[in-house]
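User: I'm in my first year and still learning to read structures. Could you take one part of this one, the sheet, and walk me through it slowly, along with whatever surrounds it?

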Amino acid sequence: MTYFRPLDGEFSGMALKTKNSNFMLINTNNSPGRQHFTIGHELYHLFIQEGFSFQMCNAGKFDKKNREEYNADIFSSYFLMPEAGIIKQIPEEELAWGGEISLATIISLEQYFGVSRTAMLIRLDKIGLLRGDYSQYRVDIKKSAVEHGYSTVLYDTPKDTTPYVVGNYGSKAKELFDKDKISESHYHSLMFDIGIDVDDPKIDEDGKEI
């Protein structure tokens, strides 16, 4: 189950693993590109890391001082940006001997794979596709995207940060209420925690959303 909601502080998300379930929390105050990277990062903790139970994360730091956080960043990078997929999207002349990956191609890649500029540059560097200093590509990121015909949605904090859940949280809460395992007020409280007011579903008498 994944819970998306705006969070205070620097951390991008967290993961929690119990005997019977996996849970991740994603900070929607971050751009979609960073949210995608955080999801990949948390998947490492939940499904790859041995003996994992709980971790609050600041994904994308590639901090080698914290082995498992670094491993999670590497996993997310490989998972979201597979080498074969990246190479397939790069023009042949830029892959040829003496060729160089252009800014236009870098922007196209980050848009295609849904990741931040920083994440894409690090991945391209790890693969060995960048030559020399590429610091100039780290500035004016939104401006360069617009100049190449892309929106800034991937790089901006979403305007709508209404909390939402991917998973069966609501169904389980409703099941507990229907079986009289929890009170009505408890059920309403659980749903309100994920931004849903069951007393105000915004649906008219014909079952259509208002």
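Analyst: Let's start with some ground rules, go on to the sheet, and then look at the rest of the chain.

This is a predicted model, so local features are described only where pLDDT is at least 70 and side-chain atom pairs only at pLDDT 80 or more, while totals for chains, interfaces and linings use all residues. Residues are numbered from 1 along each chain as its sequence is written, and side-chain values use heavy atoms, with hydrogens and water left out.

Now the sheet. It is an open one with five strands in the order β4-β2-β3-β1-β5, and the pairing is mixed. A strand here is a DSSP run of E with at least two residues, a helix is a run of H or I with at least four, and both are numbered from the N terminus. Two strands pair if DSSP finds at least two bridges between them. At the edges stand β4 (54-57) and β5 (164-166); each has a single partner strand, so one side of each is left without a neighbour in the sheet. From one strand to the next, the twist averages 15°. Angles like this run from 0 to 180 degrees between N-to-C directions, with axes being lines fitted to C-alpha atoms (for helices, over the stretch in contact).

Let's zoom in on β2, residues 13-17. On one side β2 is joined to β3 (residues 22-27) by five bridges, and the two strands run antiparallel. They make a hairpin, with four residues between them. You can trace this pairing yourself: M14 stands opposite L25 in β3, and K17 stands opposite N22 in β3. β2 also pairs with β4, again in the antiparallel sense, over four bridges. Look for A15 there, whose bridge partner in β4 is Q55.

What packs on this sheet? Helix α1 (residues 32-47) does, touching β1 (2-5), β2, β3 and β4. "Touching" is meant literally: a contact is a pair of heavy atoms within 4.5 Å. The direction of α1 makes about 155° with that of β3.

Between β3 and α1 there is a loop, and N30 lies in it. Is N30 buried or exposed? With a relative accessibility of 13%, N30 counts as buried. The cut-offs are simple: buried is under 20% relative accessible area, exposed is over 50%, and partly exposed is in between (1.4 Å probe, protein chains only). Leaving out residues up to four places away in sequence, N30 touches S12, Q35, T157 and P158. Compare that with E50, which is 20 residues from N30 in sequence and 28 Å from it in space, C-alpha to C-alpha.

Next, the helices further along. Helix α6 (residues 117-127) is mostly covered, with eight of its 11 residues buried. Among them are M120, L121, I122 and L124. What do the buried residues of α6 pack against? The answer is α1, α2 (67-80), α3 (83-89), α5 and α7 (141-147), and α1 is the helix you have already met on the sheet. Just after α6 comes G128, whose phi is positive, near 95°.

Helix α5 (residues 103-113) holds T105, and Y112 lies in α5 too. T105 counts as buried, at 6% relative accessibility, whereas Y112 is exposed, with a relative accessible area of 55%. Not counting residues up to four places away in sequence, T105 touches I90, P91 and E94. As for Y112, its C-alpha atom is 8.9 Å from that of Q89, 23 residues apart along the chain.

Finally, step back to see the whole chain. There are nine helices and five strands, and from the N terminus on they run β-β-β-α-β-α-α-α-α-α-α-β-α-α. Along its principal axes, the C-alpha trace spans about 70 × 45 × 30 Å. Of the 210 residues, 36% count as buried. Take the contacts between residues at least 6 apart in sequence: 56% of them join residues at least 24 apart.
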